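Here is a short note to read alongside the sequence and the structure. Please keep both in view and check each point against them as you go.

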Amino acid sequence: MPGTWILAEHKEGKLKKITYELLSLGKKLKSKSGEELCALLLGSGIENLADQLGPYGADKVYYLEDEVLKNYINESYSKAIVDLVKSQDPTVFLGGATASGKDLFSRVAVRLGTGLATDCTNIDLDNNLLKITRPIYAGKVLMEATIPQAKPQMATLRPNLVEILPVDNSKKAEVIKVKPELKKDDLKSFLKEILKGESKKIDLTEAKIIVSGGRAMKDKDNFKILEELADAFGEGTAIGASRAAVDSGFAPHDIQVGQTGKVVNPTLYIACGISGSIQHLAGMATSKYIVAINKDPEAPIFQKADYGIVGDLFQVVPILTQEVKKLKSEG
Amino acid sequence: MEITREIFWNIGNVRILIYLLGLVPIIVLVFGLWKRIKLWRLGKKDNRSDHVWHRIKSTLSYGIIQIRTLEKAYPGLMHLLIFWGFAILFLGTLIIAFQEDVTLLFFNYNFFHGGFYLSYSFILDLFGLLAIIGILFALFRRFFLRPESLDNKSEDFFALYWFLVVLVTGYIVEGFRIAATRPDFEKWSFAGWQIASWIDVFKLDLNTLKIFHRLSWWAHAFLSLGFIGYLAYSKFLHVFSSPLSIYFRNFDPIGMIKPIPDLENQETFGVSKLEEFTWKDLLDTDACTKCGRCQDNCPAWQSSKPLSPKKVILDMKAHLNEKGSLLLQKKEMNPEKNLIGQVILEDELWACTTCGACMRVCPVLIEHIPKIIEMRRNLVLMESKFPSEVSLFFKNLENNYNPWAIGFAIRADWAKGLNVRLFSENKDIEYLYFVGCASSFDERAKKISRALVNILNQAGINFGILGTEEFCCGDHARRIGNEYLAQILIQQNIETFKKYNIKKMIVSCPHGYNIFKNEYPLSGYKLEVVHHSELIFDLISKGKLNIAKNHDSPVTYHDSCVLGRYNGIYETPRSVLKDIGSNLKEMERSRYKGFCCGAGGGRMWMEEKLGQRINQIRVEQAQKTGAGIIATACPYCLTMLSDGIKEREIKDLQAYDLAELVEQSLNK
């Protein structure tokens, strides 16, 4: 019985959010096609994660276990996946349009000789054919497409778009352990070590909330008050900085937001002591809500902000932190 | 006693021998020069044989009068002494040869006597002495002053020593001859006379004097003849190569980048190999005299970045010697050395702000920027290798025709509430005001366009804008090396200009000014372009603006490289500042020596990770003048200077565009 497959992504012993999103999407597809929903899990010593996939909707979990699969490496992952897909012949195979998903699915699709729709904003079924929606011309237009000849039909889903369906703890998936045929000697690439950047928080481009500081932070240590605010917001919050703050040595370059830094798109962007030069705006102007805190009422950032607070950030930010904490504790 | 001297006195009949001996170094010299010419010819075609008269004039002023060399007093004077000393002594030798081997030999006519002989002796002694003084200046500079711009390698000293010894032995020969013969009229050979009187101290007899004379004569002969051969293999090669590089110079404005012709049908772009440069590019590497003025004026080098224009040229020369010599023997270089990455590093190429200071100060008119741009073009168009942050800039230009990812639909929003007409809605507009990206979108730079509109309206200028039909001019994309993107933008703008039949344009951004004036004609659209500083100057002098001279604070003017060095507009903006009553204070690096703000050559869109920040160096230079205002006439300079002031936390210093200052002074 062919099925709808999704690839489960995990990091540091936890399933990533995209996995739940893919399972929720898979459930919707299953309701239309009736085909079983299978999750693919690759790794080593993560049986506990395999068990967590059932409650989110997986009927079956193929758990490919091998020491070389412990961390994501394109070569070993794609080989293990291609072998399994060839033997099981699923109808649909979906992954996340994440950094590793984009990297992996392109190679898998080539190896399988099938097509791939990347970075889809929606995936649906229409007459048992995958109907994908994806932005083109830099988001000016959305296109809808089907890939009738492809087998399996493969697509990657943009993260943070699909609502995660409620968990059914009674549901258990059948876990099928597979030992992939991977000889260590045949592999060309290995992961030796993961070096982390200076920023402790989650990746800026994935953050839902960004608290960002500018030159008015005056000192590296003062970023603490932004971190306190970020901690109050909780998970999914990251710290950013303007070029001015980075140049002054208050913050590392890898958290710089702007034309020559990262382009971010969070739900909430709080600009603290950032005047809002056009170079900065180019990196964050598409944020859903922008809150600006600045002493200078003439600062250009207020032109772009949804909410502006004219005041000293060293007074405003701690108050904000208190209020957020209060709201959170009230639930 | 007749006033003359016997040419081969005390030497015997060696005429034939000397000519035969002389043939050897001349063959060596010709062989050496021929090899250099063959090396240059490895380069691609480039037509530099037009404008012959212009070229001759230019060679006279830059090669003979050496106007650029003289821009620096010490080395200028030093070089002038050596050059004229060398030239007059060479000429003197030719005159003797002419007399001995032509007029005397064939016509038995001797002009080498009497008044002519005396003035000849005096002049040659004088210029020989001047040359010695020049060489001593040079040695003093290399030994004691040791400017950073000079490499001071042993070959540099060796060349000077050889030349010095040739000159000194010449005087010694003369000294012994005079000491031995003592005709009174030889007082005119004042240096030889002086040496003769020193020789007198030793009270040598005539025979000993003659022996010493003969020895020193042969020493001088061998050293001089050897020097001829040495010319082509030493830094004296520049005696030949520099005038050639000047003769074949580029007459385009500094910093002009020509479009890649027939872009659609090209198979490779830019330069990634030695032999893809033009022959003039390769000649330039030999023309370089390592004087280091480019480096002294390079904002990248002065801010501790890896780029030195001199190093680029000399690294190219070393590569030409190494790889070029193999190519001439039809051999491959094994292992191949990559031009980009091994000979010249990518960081060097990306550090260039294309400010043009190197080209403006180079005494021999070497063209640095076009070489750098050609290599950038290769990196961008062939390898897709460029600083990662630039990809966003490219993408934004492709999608919204401006650098900042702002929707093109709001390009004209800055003009809301102002009296500005659109071409799409009006037929009788005289001037197009091409606003440019910065003054359309950047809150700070919008103040420039708004100020200029008020000025134009007060003067009653009939102008309009293109609004959302205006696209980025393409200047930055071209200088980063993305010629493809630049030409797309240029073509789109040209189509719009054609649609409205635009003949006159006002620009408030020097980058637009330069590309519209100098480079759009090469893509097929010529029009009259005026920069707002020129227009304001004109309006003030015609009395069309009601200026209150109320602006008496000290102001320093920062020259935009593109307006100044590229297009020679130095005085007009300064006159405007004076007209509004500003008390002008000049920075040390101003006018043709102006120091870049750091944003040129597309550096605006790159991180400045190496060395110090150029804009900070510049605002510190401005601070030293004691001025409270830095005036400029470029929105990108304005951004960089304003940022520099903030970064350096300089109180009492603010940056303004010229148009803003003028508008503040208007009686409304």
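Across which strands of chain B does helix H22 (residues 532-541) of chain B lie, and at about what angle does it run to E5(B)? The answer is given in point 3, after some remarks on the model and on the sheet itself.

1. The model is a predicted one, and every value in this note should be read with that in mind. Chain A is a convenient place to begin: its secondary structure comes to nine helices and 17 strands, and its C-alpha trace spans about 65 × 45 × 40 Å along the principal axes. Of the 331 residues in chain A, 45% are buried. Among the contacts of chain A with a separation of 6 or more, 64% are between residues 24 or more positions apart.

2. In chain B, please look for an open sheet of five strands, which has the order E1-E3-E2-E4-E5 and parallel pairing. Its edge strands, each of which pairs on one side only, are strand E1 (421-422) and strand E5 (528-531) of chain B. E1(B) runs parallel to strand E3 (residues 463-465) of chain B, and two bridges join them; Arg421(B), for instance, has Gly464(B) in E3(B) as its bridge partner.

3. Two helices can be examined together with this sheet. Helix H21 (residues 510-519) of chain B packs on the sheet, where it touches strand E2 (431-434), strand E4 (504-507) and E5 of chain B, and its direction makes about 160 degrees with that of E5(B). To answer the opening question, helix H22 of chain B lies across E4 and E5 of chain B, and it runs at about 80 degrees to E5(B).

4. Elsewhere in chain B, helix H4 (residues 114-145) and helix H6 (residues 190-200) pack with their axes 7 Å apart, at an angle of about 80 degrees. H4(B) and H6(B) are therefore roughly perpendicular to each other. On the H4(B) side, Phe122(B), Asp125(B), Gly128(B) and Leu129(B) meet Phe190(B), Ala191(B) and Gly192(B) of H6(B). Sorted by class, this contact has four nonpolar, two polar and one charged residues.

5. Back in chain A, helix H1 (residues 17-33) allows a check on its length: at 1.5 Å a residue its 17 residues should span 24 Å, and because its end C-alpha atoms are 24 Å apart, the two values agree. Among the buried residues of H1(A) are Ile18(A), Leu22(A), Leu25(A) and Leu29(A). After H1(A) comes Gly34(A), which has a positive phi, near 80 degrees.

6. The check can be repeated on helix H3 (residues 74-88) of chain A, whose 15 residues should span 21 Å at 1.5 Å a residue, and whose end C-alpha atoms are indeed 21 Å apart. Its buried residues include Tyr77(A), Ala80(A), Ile81(A) and Val85(A). The buried residues of H3(A) are covered by elements that include strand E4 (36-43), strand E5 (60-65), strand E6 (92-96) and helix H4 (99-112) of chain A. Asp89(A), which follows H3(A), has a positive phi, near 55 degrees.

7. Finally, please consider where the two chains meet: 13 residues of chain B are in contact with 12 residues of chain A. On the chain B side, helix H16 (389-400) and helix H25 (635-647) each supply at least two residues, and H16(B) gives the largest share, three residues. By class, the residues on this side divide into six nonpolar, one polar and six charged.

Definitions and conventions. Residues are numbered from 1 along each chain as its sequence is written. Chains are lettered from A and ligands numbered from 1 in the order in which they are written. This is a predicted model: local features need pLDDT of at least 70, side-chain atom pairs count only at pLDDT 80 or more; totals for chains, interfaces and linings use all residues. Helices (H or I, at least four residues) and strands (E, at least two) are DSSP runs, numbered from the N terminus. The expected span of a helix is 1.5 Å times one less than its number of residues. A residue is buried if 20 or more other C-beta atoms lie within 10 Å of its own, exposed if 12 or fewer, and partly exposed in between; C-beta atoms are placed from the backbone. Two residues are in contact if their C-beta atoms, placed from the backbone, lie within 7 Å. Axes are lines fitted to C-alpha atoms, for helices over the stretch in contact, and angles run from 0 to 180 degrees between N-to-C directions. Angles under 35 degrees count as roughly parallel, over 145 as roughly antiparallel, 65 to 115 as roughly perpendicular and the rest as oblique. Ala, Val, Leu, Ile, Met, Phe, Trp, Tyr, Cys and Pro count as nonpolar, Asp, Glu, Lys and Arg as charged, and the others, Gly among them, as polar. Two strands pair if DSSP finds at least two bridges between them.
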